[in-house]
Amino acid sequence: SPETNLKQYLAGLGLQEVITYTFVEPGLLDLFDPGAKPLMLANPMSREQSAMRTNMFPGLVDALKQNRARQLSRVALFELGLVFQQGEQDIEQPQKLGGLLWGQRAPESWHAGHDATDFFDLKGVVDSLCEWAGHKRVDYEPVASRILHPGQSACLKIDGQNAGLLGRLHPEIEAELELDGVFVFELDAGRVLARPRRQYARVSKFPTVRRDLAVVIPRAVNAADIEASARKA
């Protein structure tokens with residue numbers, strides 16, 4: 001099935017699947033979705049499991065804390081599941097794909113370094129996932145989010161439409177959770193799973209030509225705008 005293929009691909013990228021509770025503690029949910037009005041259970045097992053999640057982050061971060069407490073130096077997780085949001089007339093249950101990276105970039109070994117995971121590792125996972133899904137027009141735009149770091153976050157757009165968020169958790173949230181360097185993404189699973197039909201083209205009969213170009217551009221210009229101009233030309 002498409003979902004199984006997706007999970008196998010993410011496992012191949014080095015992420016482990018987790019299955020977390022869909023109901024979480026209200027305070028934790030408010031931390032990851034400020035101002036949200038979650039659906040509350042009428043008869044919860046405990047206060048820690050009394051609100052329906054509105055995004056995938058509470059469960060993933062809780063799984064990180066559990067693994068970190070057991071002295072793991074590297075955590076890479078993903079989860080495919082539903083979130084629950086109150087719509088205008090009914091309860092909406094969109095399917096989301098969430099992911100989390102934390103700790104060392106590579107597993108510990110004699111030839112690997114000890115570099116920490118950064119934003120570009122996270123973006124690399126999302127890029128690979130979009131390429132696997134067959135999406136050619138993928139763009140990243142700056143995003144103002146209360147839960148993501150203002151300088152290390154982005155909105156993912158597929159074919160010009162919003163498809164998710166990715167970035168480092170906001171410094172205030174990391175301080176509240178006593179964590180550091182937590183990178184997360186949440187994507188619209190429907191867009192990832194809706195793989196367009198593959199189209200093949202002939203291999204070029206001309207050899208590769210390499211050129212080095214040096215271009216001076218103001219720092220305020222986004223990389224996506226530069227790429228768009230190059231593709232247009």
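Arg-191 and Asp-188 form a salt bridge in this predicted model, and their closest N and O atoms lie 4.0 Å apart. Both partners fall into the middle class of exposure: Arg-191 is partly exposed at 25% relative accessibility, and Asp-188 is partly exposed too, at 28%. This pair is a handy place to start looking around, and the other charged pairs follow from here.

**Salt bridges**

The count of salt bridges comes to 13. The table sets out three of the pairs.

| Pair | Closest N to O distance | Relative accessible area |
|---|---|---|
| Arg-191 and Asp-188 | 4.0 Å | Arg-191 25%, Asp-188 28% |
| Lys-123 and Asp-127 | 3.0 Å | Lys-123 25%, Asp-127 28% |
| Asp-180 and Arg-168 | 2.9 Å | Asp-180 54%, Arg-168 18% |

Take the pair of Lys-123 and Asp-127, whose side chains meet at 3.0 Å, N to O. Both residues belong to helix α4 (residues 119-132) and are 4 residues apart, which means that about one helical turn separates them. Lys-123 is partly exposed at 25%, and Asp-127 is partly exposed at 28%.

Asp-180 and Arg-168 also form a salt bridge, with the closest N and O atoms 2.9 Å apart. This pair links distant parts of the chain, 12 residues apart: Asp-180 sits in the loop between α5 (171-177) and β11 (182-188), while Arg-168 lies in strand β10 (residues 161-169). Are the two partners buried or exposed? Asp-180 has a relative accessibility of 54% and counts as exposed because the cut-off for exposed is over 50%. Arg-168 has 18% and counts as buried because buried means under 20%.

Salt bridges can also join up into a group. Arg-105, Asp-115, Asp-118 and Asp-121 are linked in a network of this kind.

**The sheet**

Now for the strands. The protein chain contains 7 helices and 11 strands. An open sheet of 7 strands follows the order β1-β4-β7-β11-β10-β9-β8, and its pairing is mixed. At its edges stand β1 (16-17) and β8 (138-141); each has a single partner strand, so one side of each is left without a neighbour in the sheet.

Which strand is largely enclosed by the rest of the structure? It is β7 (residues 95-103): 8 of its 9 residues are buried, so the rest of the structure largely encloses this strand. In the sheet order, β7 stands between β4 and β11. Strand β4 (residues 74-82) runs antiparallel to β7, and 9 bridges join the two. Within β4 and β7, Leu-77 stands opposite Leu-100. The pairing of β7 with β11 is antiparallel as well, over 7 bridges. There, Leu-101 has Phe-183 in β11 as its bridge partner.

Further along the sheet, strand β9 (residues 148-158) and β10 run antiparallel and are joined by 7 bridges. Ala-154 has Leu-166 in β10 as its bridge partner. Strand β10 is also home to Arg-168, the partner of Asp-180 described above.

When you follow any of these strands in the view, one rule helps: in a regular strand the side chains alternate between the two faces of the sheet.

**Aromatic rings**

The model has 4 aromatic pairs. One of them is made by Phe-119 and Phe-120: the ring centres are 5.7 Å apart and the planes meet at 80°, so the pair is edge-to-face. How do these two residues differ, buried or exposed? Phe-119 is buried, with a relative accessible area of 13%, whereas Phe-120 is exposed at 62%.

**The surface and the whole chain**

Five residues, Leu-213, Val-215, Ile-217, Val-221 and Ile-226, form a nonpolar patch on the surface, and together they have about 470 Å² of accessible area. Leu-213 is found in the loop between α6 (189-193) and α7 (223-232), and it is exposed, with a relative accessible area of 77%.

Stepping back, the accessible surface of the protein chain comes to about 15,100 Å², and 49% of that belongs to carbon and sulfur atoms. Of the 233 residues in the chain, 37% are buried. The C-alpha atoms fill a box of roughly 70 × 50 × 40 Å along the principal axes. Among contacts with a separation of 6 or more, 58% are between residues 24 or more positions apart.

Conventions:
Residues are numbered from 1 along each chain as its sequence is written. Side-chain values use heavy atoms; hydrogens and water are left out. Patches are made of residues with over 30% relative accessible area and no salt bridge: like charges are joined within 9 Å, nonpolar side chains (Val, Leu, Ile, Met, Phe, Trp, Tyr) within 5 Å. Accessible areas come from the Shrake-Rupley method with a 1.4 Å probe; for residues, only the protein chains shown count as cover. Buried means under 20% relative accessible area, exposed over 50%, partly exposed in between (1.4 Å probe, protein chains only). Rings of Phe, Tyr and Trp (its six-membered ring) pair if their centres lie within 6.5 Å; planes under 30 degrees apart count as stacked, over 60 as edge-to-face and the rest as tilted. Contact means heavy atoms within 4.5 Å. Two strands pair if DSSP finds at least two bridges between them.
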